[in-house]
Amino acid sequence: MPETPAPVRTWLITGAGRGLGRAFAQAALAQGDRVIGTVRSPGAMSQLLDAHPSSVREVLLDVRDADAVAAVVDDAAQEFGGLDVVVNNAGAGFVGAIEEVEEQQARDLVDLNLFGAMWVSRTAIPHLRAGGGGDIVQISTVGAVGAMPTFGVYNASKWALEGFSEALSAEVAQFGVRVTIAQLGGFATDWAGTSMTFAEPKPEYDALRTDLFGTPAVPWPAPDADTQPTDADPRLAADALIAHLGDPDRPLRVLIGDDAPEQATLAYAARRDSYGTLRRFDWPEDSA
């Protein structure tokens, strides 16, 4: 008997105009699915629109605006008759020691990395439930397992993302909605380039920045144009996410990227050791 073709799914992907978001959109389209992508700049998805005019929609959205999110998600669900996969990819990095961080900088980052994903998830749930289930994917980082000096606000935003997402997973399982927390390692995107923002540096932290980054200067000096990227191709992250979503026994969390397992191991070991020798609990045995 011929195989039954997989049903066509509708994806809503935030931050779909470049980097990882674009790679996720391309991977979804490659398997015959439809994509509604949110962007901050008009025309960011023009190449995908030209290649897949009947399967792609581009929508302008600042995910920090909860009212705008509600309208866009509702319209997206109407566009193709429902939603099946929601990927909260929109986000940004930020570098600054806590003493250097201005209040508005911290609030802006948390609004984007935490509340943006929360507003999209919240508004998508009724549509996923109406369709009998689906997936919510939170693009996190191995930086949500541990923390690194000068990335404290960024780490905090991603730790908080994972906290509400773990609770969300238990809340929506009854509706057939699955939540994935994708903890990514390093990928060749603009995350550490022009997308990165920085606190105004204080000279007291110059030595620390030099130890961490090889220079006290921020923003970081632009890499040489001939330098080959050392991080992985974003398409590998997209392939890994597609494979994860195709697993009927998929767990809540998935590490994506060759460097992610080692980074997670080091972070969990540091967390264990942070309790000292009198931690008053036994480190859990591996149940896998």
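The following legends describe close-up views of a predicted model.

**View A. Packing of helix H1 against helix H7.** Helix H1 spans residues 19-30 and helix H7 spans residues 234-245. The two helices pack at an angle of about 50 degrees, and their axes are 8 Å apart. H1 is therefore oblique to H7, and the crossing of this pair is right-handed. On the H1 side, the contact is formed by Gly19, Leu20, Ala23, Phe24, Ala27 and Ala28. H7 contributes Pro234, Arg235, Ala237, Ala238, Leu241 and Ile242. By class, the residues of this contact comprise 10 nonpolar, one polar and one charged.

**View B. Packing of helix H4 against helix H5.** H4 covers residues 103-130 and H5 covers residues 152-172. An angle of about 15 degrees separates the directions of H4 and H5, with their axes 8 Å apart. Because angles under 35 degrees count as roughly parallel, H4 and H5 are roughly parallel to each other. Their crossing is right-handed. From H4, the residues in contact are Ala106, Leu109, Val110, Asn113, Leu114, Ala117, Met118, Ser121 and Ile125. They meet Val153, Tyr154, Ser157, Lys158, Ala160, Leu161, Phe164, Leu168 and Val172 of H5. This contact of H4 with H5 contains 14 nonpolar, three polar and one charged residues.

**View C. The largest cavity and its lining.** One cavity of 30 Å³ or more is found in a search of the whole structure. The largest cavity holds about 50 Å³ of space. Its lining consists of Asn88, Asn89, Ala90, Asn113, Ala117, Gln138, Ile139, Lys158 and Leu161. Helix H4, strand S6 (134-141) and helix H5 are the elements that each supply two or more of these lining residues. Classified by side chain, the lining has four nonpolar, four polar and one charged residues. Asn113 and Ala117 of H4, together with Lys158 and Leu161 of H5, take part in the helix contact of View B and also line the cavity.

**View D. The cis peptide bond preceding Pro219.** The peptide bond that runs from Val218 to Pro219 is cis, with omega near -10 degrees. Pro219 is located in the loop between helix H6 (206-213) and H7. H7 is the helix that packs against H1 in View A.

**View E. Backbone conformation at Thr150.** Although Thr150 is not a glycine, this residue has a positive phi of about 75 degrees. Thr150 belongs to the loop between S6 and H5. Both S6 and H5 give residues to the cavity lining shown in View C.

Terms used
Residues numbered from 1 in each chain as written. Predicted model: local features only at pLDDT ≥ 70, side-chain atom pairs only at ≥ 80, totals over all residues. Heavy atoms only, no water. Axes fitted to C-alpha atoms, helices over the stretch in contact; angles between N-to-C directions. Helix = DSSP H or I, 4+ residues; strand = E, 2+ residues; numbered from the N terminus. Parallel < 35°, antiparallel > 145°, perpendicular 65-115°, else oblique. Left-handed = near helix turned anticlockwise from the far one by under 90°. Contact = heavy atoms within 4.5 Å. Nonpolar A, V, L, I, M, F, W, Y, C, P; charged D, E, K, R; others polar. 1 Å grid on protein atoms, 1.4 Å probe; cavity = no way out; pocket = protein on both sides within 12 Å on 5 of 7 lines; lining within 4 Å. Points joined across faces, edges and corners; volume = space filled by probe spheres on them.
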